[in-house]
Amino acid sequence: MTSDKPIRFDDRVAIVTGAGNGLGRCHALGLAARGAKIVVNDRGAALDGSGRTGTAAEKVAAEITAAGGIAVADTADVTDPAQVAAMVEGAAARWGRIDILVNNAGILRDKSFAKMPLADFRAVVEVHLMGAVHCAKAVWEPMRVQNYGRIVLTTSSSGLYGNFGQANYGAAKAAMIGLMKALDQEGRKNDIRINTLSPTAATRMTESLLPEADRPLLDPANVTPGLLYLVSDNAPSGVMLCAGAGCFALAELVETGGIYLPADERTPEAVAQRFAEISERADEAPLTDAWAQTKKYVAMARRAGKT
């Protein structure tokens, strides 16, 4: 059900990671402008994750305060669960609750897979995937107790569709989808809604890759309206919202209708010969959960006369 009422976050408390620049900064400013109290989290690292300074978070918190909002800066490293727990406990002690978590922190260490050190693969997975896990884990119990929570994980077109030189980043971002799908189911009884946002914007991560003429269109602020909807009271749950240049779309995992092979035809040759049928997309559809696939296949087998 939609509502004509303006989306507001008065009395809501939000944590935005990686909020010192780019998308995170825009998300924090957007939430604050609509009434939320903000924890501006950013460790102030370089794009590859090296170094640390609280300057970026402090500047954004000061910007929010100067505009009449409420914010505090935080430099917790999302790869350190103890630091994340302290951040969440501090916000709860200050404001009494945690309502919104925006997992936006990230780093890049791009290289072709053949040349990529395993340390660079692990570092990117630690920040994007485990950083999101640490933050979600820290807010999960407070949200469960209060029977309210909104969490957004940041995925990427690299995770959805792949990109040369980003095996580490793409793997971590694809993992957001599986994490979201599971937490969507686990959070339902306590009104914890969790979604993924796939943004495309001109940020530190992309500035060297985008044509100069396209950068004004890809202002990170053009993504934030989608984020604000995903963490609103009437947000959906379990969706993948793509946003950029003022455009918004949904991505979805679907499965083709598929075929049933009798026992005496279950050979790799038969799969090869009928692969065009297996790939036929006319009857493709999304599946609601892991068991939906099992139920689908059992139903197909039974229709074929097997019980």
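Here, a residue is buried if its relative accessible area is under 20%, exposed if over 50%, and partly exposed in between. Keep that handy for the exercises below, and remember that the model is predicted.

**Exercise 1. Work out how well strand β2 is covered, and which way its residues point.**

Step 1. Start with the stretch: β2 runs over residues 37-41.
Step 2. Apply the cut-off: five of its five residues are buried, so the strand is mostly covered, given that buried means under 20%.
Step 3. Now split them by direction. K37, V39 and N41 point one way, while I38 and V40 point the other way. In a regular strand, side chains alternate between the two faces of the sheet.

**Exercise 2. Place β2 in its sheet, starting from its pairing with β1.**

Step 1. Strand β1 (residues 13-17) pairs with β2 in the parallel sense, over five bridges.
Step 2. Pick out partners: A14 bridges to I38 in β2, and I15 bridges to V39 in β2.
Step 3. Zoom out. The open sheet has eight strands, ordered β3-β2-β1-β4-β5-β6-β7-β8, with mixed pairing. At the edges sit β3 (70-74) and β8 (247-251), each pairing on one side only. From one strand to the next, the twist averages 20°.
Step 4. Add the helices. Helix α3 (residues 81-95) packs on the sheet and touches β1, β2 and β3, with its direction at about 155° to that of β2. Helix α4 (residues 118-146) lies across β1, β4 (100-103), β5 (149-154) and β6 (192-199), running at about 175° to β4.

**Exercise 3. Describe how helices α1 and α2 pack.**

Step 1. Get the geometry: α1 (residues 22-33) and α2 (residues 55-66) pack at an angle of about 25°, and their axes are 10 Å apart.
Step 2. Classify it. Angles under 35 degrees count as roughly parallel, so α1 is roughly parallel to α2.
Step 3. Add the handedness: α1 passes α2 in a right-handed crossing.
Step 4. List who meets whom: R25, A28, L29 and A32 from α1 meet V60, E63 and I64 from α2. By type, the contact residues are five nonpolar, no polar and two charged.

**Exercise 4. Decide whether A62 is buried, partly exposed or exposed, and locate A62 relative to L253.**

Step 1. A62 belongs to helix α2.
Step 2. Its relative accessibility is 45%, so A62 counts as partly exposed.
Step 3. A62 and L253 lie 191 residues apart in sequence and 41 Å apart in space, C-alpha to C-alpha.

Key. Residues are numbered from 1 along each chain as its sequence is written. This is a predicted model: local features need pLDDT of at least 70, side-chain atom pairs count only at pLDDT 80 or more; totals for chains, interfaces and linings use all residues. Side-chain values use heavy atoms; hydrogens and water are left out. Axes are lines fitted to C-alpha atoms, for helices over the stretch in contact, and angles run from 0 to 180 degrees between N-to-C directions. Helices (H or I, at least four residues) and strands (E, at least two) are DSSP runs, numbered from the N terminus. Angles under 35 degrees count as roughly parallel, over 145 as roughly antiparallel, 65 to 115 as roughly perpendicular and the rest as oblique. A crossing is left-handed if the near helix is turned anticlockwise from the far one by less than a right angle, and right-handed if clockwise. Contact means heavy atoms within 4.5 Å. Ala, Val, Leu, Ile, Met, Phe, Trp, Tyr, Cys and Pro count as nonpolar, Asp, Glu, Lys and Arg as charged, and the others, Gly among them, as polar. Buried means under 20% relative accessible area, exposed over 50%, partly exposed in between (1.4 Å probe, protein chains only). Two strands pair if DSSP finds at least two bridges between them.
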